[in-house]
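Biologist: I am new to this structure. Could you walk me through the words you use for it?
Modeller: Gladly. Let us have a look together.

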Amino acid sequence: MDKIMNDYLVKIEKYLKSMSDSERIDIVKEIKSVMLELQNNGVSSEQIIERLGNPKELAKAYLGEAISKNSKFSWRKFGAVFAFCSSFTGVSGMFLLPFISTLSIALMISGVITLIGGIIKFVGYLMGYDIAGITIEMGAFTPSPMQFLPISIVIGVLMFWLGKVLWKLTIKYIHAISKKMKKIEI
């Protein structure tokens, strides 16, 4: 393998740095294998690089596929979303993806905190304490301690659900962006 193809693989690896080591190594091995097979079939290094295309675009396709393969949330995937949008998407993706993905996580965490706050406030009320730091205000309405738990459950579940929906939309958006994945053909 010559310098041209090695440089290409180094670029691919750089663009995939947000992926796990094992995923990144597998992708680089796959591309290297294709390069070697093409080279063994008499294709020149320049033709191989031309066939594979821009390394950034090829890495984008692999990264988008890896992110959209599973819609479950993980902190590693959250980091990959930011790498994807900052490296590969246009201006809309640079603002839209980070906003939606961050909002989704904030809503999921807030939903859990709201539920926990409702339980703490309700248990405090049953024990004869008023925990003033935990409150819900909707305009001029402030729920009584007996209303607080059901309201916090509803609000918490709605916030968590909305966060999950936004996360799934983030994954679908990434999938749509990377749908035009380049296929490596021999």
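**One helix at a time**

Modeller: In helix α3, residues 45–52, the residues S45, I48, I49 and L52 are buried. They sit on the same side of α3, because they cover an arc of only 95° around the axis, the arc being that of the directions from the helix axis to the C-beta atoms.

Biologist: Thanks! What should I know about the model and its numbering?

Modeller: This is a predicted model, where local features need pLDDT of at least 70 and side-chain atom pairs count only at pLDDT 80 or more, while totals for chains, interfaces and linings use all residues. Residues are numbered from 1 along each chain as its sequence is written, and side-chain values use heavy atoms, with hydrogens and water left out.

Biologist: What makes a stretch a helix here?

Modeller: Helices are DSSP runs of H or I with at least four residues, strands are runs of E with at least two, and both are numbered from the N terminus. The chain has seven helices and zero strands.

Biologist: Why is R51 called partly exposed?

Modeller: Buried means under 20% relative accessible area, exposed means over 50%, and partly exposed is in between (1.4 Å probe, protein chains only). R51 has 45% relative accessibility, so R51 counts as partly exposed. R51 is found in helix α3. Just after α3, G53 takes a positive phi of about 85°.

Biologist: And why is Y125 in helix α6 described as partly exposed?

Modeller: The reasoning is alike: Y125 has a relative accessible area of 38%, so Y125 is partly exposed. Y125 also belongs to a nonpolar surface patch of about 970 Å², with L115 and I153 among the other members.

Biologist: What makes a group of residues a patch?

Modeller: Patch residues have over 30% relative accessible area and no salt bridge; like charges are joined within 9 Å, and nonpolar side chains (Val, Leu, Ile, Met, Phe, Trp, Tyr) within 5 Å. A salt bridge is a side-chain nitrogen of Lys or Arg within 4 Å of a carboxyl oxygen of Asp or Glu. Areas come from the Shrake-Rupley method with a 1.4 Å probe, and for residues only the protein chains shown count as cover. Helix α6 (91–126) and helix α7 (145–177) each supply at least two residues of the patch, and α6 gives the most, with five.

Biologist: What share of the chain is buried?

Modeller: Buried residues make up 38% of the 186 residues.
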